[in-house]
Amino acid sequence: MRAFTRRAMVSHRSSGRLAEVPTRRQVMAGGAAAIAVSAAEGARAMSSGGIESLLSSHDALGLAGLVRQREVSPTELLEAAIARTEALNPRFNFIAQRHYDHAHKALAAGLPRGPFTGVPWLLKDLNTHIAGEVTEGGSRFYKGFRAPVTSELVNRIERAGFVVFGKTTTPELGLTGTTENKLTGDTRNPWNPARIAGGSSGGAAAAVAAGVLPAAHATDGGGSIRIPASCCGLFGLKPSRGRVPMGPLRTEGWGGLSTHHAVSWTVRDSAAILDATHGTEPGSRYGAPAPAEGFLAQVGKQPGKLRIALMLDAPSGSPVDPDCRAAVQSAAALCESLGHQVEIAQPKWDVGVIGLAAFQVMAAAIAADLIDRGKATGMAPGPEVLEPITLAFMGFGQSVTGMDYARANNTLQSLAVTIGQFMKRFDVILAPTLANPPLPLGRINLTPDCDFQQWGQRVAAFSPFAQMANLTGQPSMSVPLGQSPTGLPIGVMFTGRYGEEALLYRLAGQLEQAAPWFNRRPSL
């Protein structure tokens, strides 16, 4: 084990890829003003750019504050978000479903009083339902599917006062780290439209990065909140397993690997959204412990002196791009300047064994869903309605036996024990979110120019760090602290112990104040 010190940064600083580390005085003084805009500043924003400008000059809590102060109405915010959606979607392709009538009916019925009353909201078009409305999961096989029930998460979102007006794009069934599919087309990154927005919550991240709204719903089964957050320069936290409801149709996704939350510009929005949505639902098998004061209350608290394990190398040994490595080293230096103890260390596991176990769990779940869909509709799950990689997942999943699945579950539990033992010495693990800046479109989509094995190697090489937290159930966040020399966002990832989102939010709030990112936006 080696301690990480600033001396280790000298050879990298000359590359120009590292931000200067602020002094402690600068840290204490900086950052907070960039998060929220006062009512007077809001009035100036409206006079200079109209109500649409409020959607990018305020976070979601800030917009809700303007609604409470009667500076703007929920109807005005909704119409501004719809107008911005229609103006920008042709360029970036982030909308899968338009639920404008649903939103107008909610306004006409009267919105509940909550922390986000009147703020526009987009759901991800994947296993998140409004009764009677279409959810297609980015798949031609699910085209026109109308949900029989409303998801418990949607009920909680709407009780918090959010106004749901649509659903965002996803790759077919959320199966890859880019949002490209045969049903809705390619979602493009607002920072560079030739690059991916990430996946599988790429539509959500693209919409937020483009300034359509300040936060949006996202899900994460293998990095799908953190990957697009990194690609689009946003904050994205994957909660602990069991933290956020997934029912009522089922209470787990992919055997517990998947969870729901959001991507956002600010840490406080993420925390307040989790306050509004977390907790068990009828039928929950388990629930993560929550802080008595709530998550938003954590954002302004000091995290204390943390023991941080700096994980520089991919578990598989695949290469990490120098810009991503430099970004995480810069983040480590920033953490040291804030008084934390950083040590180069990383847990060890058999990547091949763990990867097979995860693949068996995911593929078996995918195969079951597709076969059941075929039986319910009379459609055959073939190449006319499913993409090649999806079909390969289904084929493999059909070969997984009950004993295979049980052994895979045991293997993933053993990984959780291994990481849990490692984290007795550390409070968080710091790693690159991704091994590369956002890739060009067409590299890791589900209809690739390569076979299944090569595709899997490409995906694993792009995102070798993120899935660990899904396999163990731990909370993990991508923080937008880095940027490539060409101006592409680069996130860095902090992973905490199971149930310790509170600690991550305290650290994230400290980092946001020390190195603000709210005003670092793509040029549209």
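So, to kick off: why is helix α9 largely enclosed by the rest of the structure? Keep in mind as we go that this is a predicted model. The reason is simple enough: eight of the eight residues of α9, which covers 202–209, are buried, so the helix ends up largely enclosed. If you want to find them on the screen, the buried residues are G202, G203, A204, A205, A206, A207, V208 and A209.

What do those buried residues pack against? Quite a list, actually. There are the strands β3 (120–124), β4 (163–168), β7 (188–189), β9 (215–220) and β11 (259–264), plus the helix α10 (226–232). And just after α9 you'll come to G211, which takes a positive phi of about 85°.

Okay, let's pick one of those neighbours, β4. Here we have a similar story: six of the six residues of β4 are buried, so this strand is also largely enclosed by the rest of the structure. Now, which way do its partners run? Strand β2, residues 95–98, is joined to β4 by three bridges, and those two run antiparallel. With β3, β4 pairs in the parallel sense, over five bridges.

Have a look at T168 in β4. T168 is the bridge partner of I95, and T168 is also the bridge partner of K124. So what connects up β3 and β4 as a unit? Put helix α8, residues 152–159, together with β3 and β4 and you get a right-handed β-α-β unit.

Moving on to the nonpolar core. As a bit of background, in soluble globular proteins nonpolar side chains tend to be buried together. In this model, the largest nonpolar core has 147 residues, and F165 and F494 touch the most other members. Which helix gives the most to this core? That's α13, residues 351–377, with nine residues.

Let's zoom in on F494. Leaving out residues up to four places away in sequence, F494 touches C335, V428, I429, L430, P475, S476, M477, V479, L504, L507 and L511.

Last stop: the empty spaces. How many cavities of 30 Å³ or more are there? The count comes to four. The largest cavity has a volume of about 130 Å³. This largest cavity is lined by 15 residues, and the closest to its centre are G242, V244, T251, E252 and Y286.

That's my tour. To go back to where we came in: α9 has eight of eight residues buried, and β4, one of the elements those residues pack against, has six of six buried. Thanks, everyone.

Notes: Residues numbered from 1 in each chain as written. Predicted model: local features only at pLDDT ≥ 70, side-chain atom pairs only at ≥ 80, totals over all residues. Heavy atoms only, no water. Buried < 20%, exposed > 50% of the residue type's maximum accessible area, 1.4 Å probe, protein only. Helix = DSSP H or I, 4+ residues; strand = E, 2+ residues; numbered from the N terminus. Contact = heavy atoms within 4.5 Å. Pairing = 2+ DSSP bridges. Right-handed = clockwise from strand over helix to strand, strands pointing away. Core = buried A, V, L, I, M, F, W, Y, C linked by side-chain atoms within 4.5 Å. 1 Å grid on protein atoms, 1.4 Å probe; cavity = no way out; pocket = protein on both sides within 12 Å on 5 of 7 lines; lining within 4 Å. Points joined across faces, edges and corners; volume = space filled by probe spheres on them.
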